[in-house]
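User: I would like to go through how the two chains of this model meet. Please take it step by step.

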Amino acid sequence: MIGLLAQEAALTDTGEWIANGFFYAMAAVAILGGLKMVTTANVVHAALYLLVVLSAVAGTYVILGAEFVAVTQVLIYLGAIMVLLLFGVMLTRAKLGGEEDLDHEQRWIGALVAAGMLAVMSYSIWEAFDTQKLPGDRTPQLTQQVSDEIFSTYIVPFEALSVLLLAALIGAVVVARRD
Amino acid sequence: MFLNQFLFLAAALFCIGIYGVLARRNGVLVLMSIELILNSVNINLVAFGAFHGHIGGQVFALFVIAVAAAEVGVGLAIVLLIYRNRRSIDVAEANLLKG
């Protein structure tokens, strides 16, 4: 019995180790892809790096047991929004071979602001949650649970969101229409 | 796993997105950086949902994804309109209202 329990503990330890490794791989891919996205001199390459970052973020959702959010991320972001952004690149006739004037001259001010924010946020995150652990049993939450919650507790924001989407659709058509 | 791991990843992505918004001149690239910022917030929502064992975090992450879809649609329409009127999507040149 004790041996069985010890074995189970070892197994969960192994699972934790694998989850950690997967998370750090995903985090490294996301951060490197993000840095390349904001520094590359080619608009289409930036869109493709954004694709990499969004896929890595979907991987972290899977680690957290939010499988429906991960699938939605792949469908909406990687499927729809990326196509929309690439259409934007195409319709605005951005040069494909790379441009030198893609950044402001004073981009170091932006870097300064971002570094300052990162320092402040890291310090406050570390102060608030230094070694709090996530619960050990992160069983994936079923899509049924998510939909039950949306259509009971959060029904009003859901309906407001559908109206917002309709308004955004009509607004986009009206703004972009050639008349 | 620590909660901090996810929060630090989200903070790093958020700051990369901030840098992209501030440093880029191309309007489409600014929109891409905004997508990065919204994604980092989603990581926070899902991580806190898992931390508290509550499903509301995932629900709000889904709401944020839907709002991001609406935002990028309207944003691209505005960028297209600026391109059509000014023949350029340099956000530094869109300064007609400058005093």
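User: Which residues touch the most other members of the largest nonpolar core?
Analyst: This is a predicted model. Its largest nonpolar core has 66 residues. Those that touch the most other members are A:Leu50, A:Val53, B:Val28, B:Met32 and B:Val46.

User: Which element gives the most to this core?
Analyst: At least two residues each come from α1, α2 and α3 of chain A, and from α1 (3–23), α2 and α3 (56–86) of chain B. The top contribution is 16 residues, and the element that gives them is α1(B).

User: Outside its neighbours within four places in sequence, what is B:Met32 in contact with?
Analyst: B:Met32 belongs to the largest nonpolar core. With those sequence neighbours left aside, its contacts are A:Met37, A:Ala46, A:Ala47, A:Leu50 and A:Leu85.

User: Which element gives the most to the side of chain A that touches chain B?
Analyst: In chain A, 76 residues are in contact with 61 residues of chain B. By class, that side of chain A has 52 nonpolar, 16 polar and eight charged residues. Twelve residues come from the element that gives the most, α3(A).

User: Are α3(A) and α2(B) roughly parallel or antiparallel?
Analyst: A:Leu85 and A:Val89 are among the α3(A) residues that meet α2(B), where B:Leu31 and B:Glu35 are among the partners. The residues of this contact divide into eight nonpolar, one polar and one charged. The two axes come within 11 Å and cross at roughly 170°. Angles over 145 degrees count as roughly antiparallel, so α3(A) and α2(B) are roughly antiparallel.

Key: Residues numbered from 1 in each chain as written. Chains lettered and ligands numbered in written order. Predicted model: local features only at pLDDT ≥ 70, side-chain atom pairs only at ≥ 80, totals over all residues. Contact = placed C-beta atoms within 7 Å. Helix = DSSP H or I, 4+ residues; strand = E, 2+ residues; numbered from the N terminus. Nonpolar A, V, L, I, M, F, W, Y, C, P; charged D, E, K, R; others polar. Axes fitted to C-alpha atoms, helices over the stretch in contact; angles between N-to-C directions. Parallel < 35°, antiparallel > 145°, perpendicular 65-115°, else oblique. Core = buried A, V, L, I, M, F, W, Y, C linked by C-beta atoms within 7 Å. Buried ≥ 20, exposed ≤ 12 C-beta atoms within 10 Å, placed from the backbone.
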